[in-house]
Amino acid sequence: MISSKIEKIKKEYDLKNPVFLKKLETRGKRSAFLIKNDKNKYVLKVIPNNKELTVRLEFVSRIKKQGVNLPAIISTKSNKKYFLQSDNLLFLSEFIDQKENRPSRYFFSELGRAVGEFHKIKIGNSKIPELDIKGKIQRLKAIFFRKKIDIKIRKEMINFCNLFPPIFGLTTGLVHGDISYFNVLGRKKLFLIDLDDISRGPIIYDLGQMIAFVFNFTPFDFSRFGMKTKHAPRTVFLKSGFEIFLKNYSQKIKLSKEDLEILPQMAMLACAENIYLKPDGIFKWNYKRFKKIEEEKDLIKALSRKYL
């Protein structure tokens, strides 16, 4: 299967001797592969064909030329940002050869600046898709109806979807859609990666994703960072890191009172969306993360008001 894609790359791109290195971790129906040639490494992404993605790729290429720290999309011989194979859309992007960041004061400081700069990017007349939060909640509710899980948790998740506020945030702009430690690479210069889901909409959605990742579940998260812990499994709120993030983000962006009011629910939505990820066991720690955010929602709002 990968051999046919390599042959296709040879035809579509001016790359000599491309070879497969490894398959990368992905979610859903998309897949990604690390490949290289004599000079560079690249990420090959394979995603079910859709028009929205082609618009996103063109937009990413445009803002990359403006100096935004993103992986470059590699153009084909015919100057397209992608090519088609069967029912899939494939594209090559620059591989950012940096390790995932660990939680630290420096990282949260730089992340606040980087996300703030990202949210300031002007979308202009681009036809980049709208972020459909209402649709996300409806699909999530349908998933919980179908799943045979603990009846108490199932009812709690469905109730969360039913009671989600009808206003999703007033401050709109460019939304990354998957902000986390693992999609921000680099030290002195941070790169936002995995831009397949960028859209226009309430930027508070990204901050909800970010908050979900400052509620670390030990030992799962800590082990991913190569960090050891003697704590029993529990959810830890990295409060000081969150404050540093907010302080530096606020230098770039100001949010409305309505945005701040819904922030905890956006963070809980980020956890709820990830409850059914594989491998087995992810369900448990995302649910615990969800409950901890619910417990600390007043503190989240208080800190957000202080800085934003």
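Which residues form one aromatic cluster together with F164 and F168? In this predicted model, the cluster consists of F160, F164, F168, Y287 and F290. The sheet and the helices that pack on it are described below, before the aromatic pairs are taken up again.

The sheet is open and comprises five strands, which follow the order β1-β2-β3-β5-β4 and pair in an antiparallel manner. Strands β1 (19–24) and β4 (83–85) occupy the edges and have a single partner strand each, so that one side of each remains without a neighbour in the sheet. From one strand to the next, the twist averages 30 degrees. At the edge formed by β4, three bridges connect this strand to β5 (residues 88–94), and the two run antiparallel; within this pairing, L84 has L89 of β5 as its bridge partner.

Two helices pack on the sheet. Helix α1 (residues 2–12) touches β1, β2 (31–36), β3 (41–48), β4 and β5, and its direction makes an angle of about 145 degrees with that of β4. Helix α2 (residues 51–65), which also packs on the sheet, touches β3 and β5, and its direction lies at about 15 degrees to that of β5.

A pair of aromatic rings is described by the distance between the centres and the angle between the planes. The count of aromatic pairs in the model comes to ten. For Y13 and F83, the ring centres are 5.8 Å apart and the planes stand at 75 degrees, over the 60 degrees required, and the pair is therefore edge-to-face. This pair links distant parts of the chain, since Y13 lies in the loop between α1 and β1 whereas F83 belongs to strand β4, 70 residues apart. Y13 has a relative accessibility of 2% and therefore counts as buried, and F83, with a relative accessibility of 3%, likewise counts as buried.

Within the aromatic cluster that includes F160, Y287 and F290, the rings of F164 and F168 have centres 6.1 Å apart and planes at 40 degrees, and the pair is therefore classed as tilted. Both F164 and F168 are buried. A further arrangement that involves an aromatic ring is found at F213, where the charged end of R289 sits over the ring at 5.3 Å from its centre.

Notes. Residues numbered from 1 in each chain as written. Predicted model: local features only at pLDDT ≥ 70, side-chain atom pairs only at ≥ 80, totals over all residues. Heavy atoms only, no water. Pairing = 2+ DSSP bridges. Helix = DSSP H or I, 4+ residues; strand = E, 2+ residues; numbered from the N terminus. Axes fitted to C-alpha atoms, helices over the stretch in contact; angles between N-to-C directions. Contact = heavy atoms within 4.5 Å. Phe/Tyr/Trp six-rings, centres within 6.5 Å; stacked < 30°, edge-to-face > 60°. Buried < 20%, exposed > 50% of the residue type's maximum accessible area, 1.4 Å probe, protein only. Lys NZ or Arg CZ within 6 Å of the ring centre and 35° of its normal.
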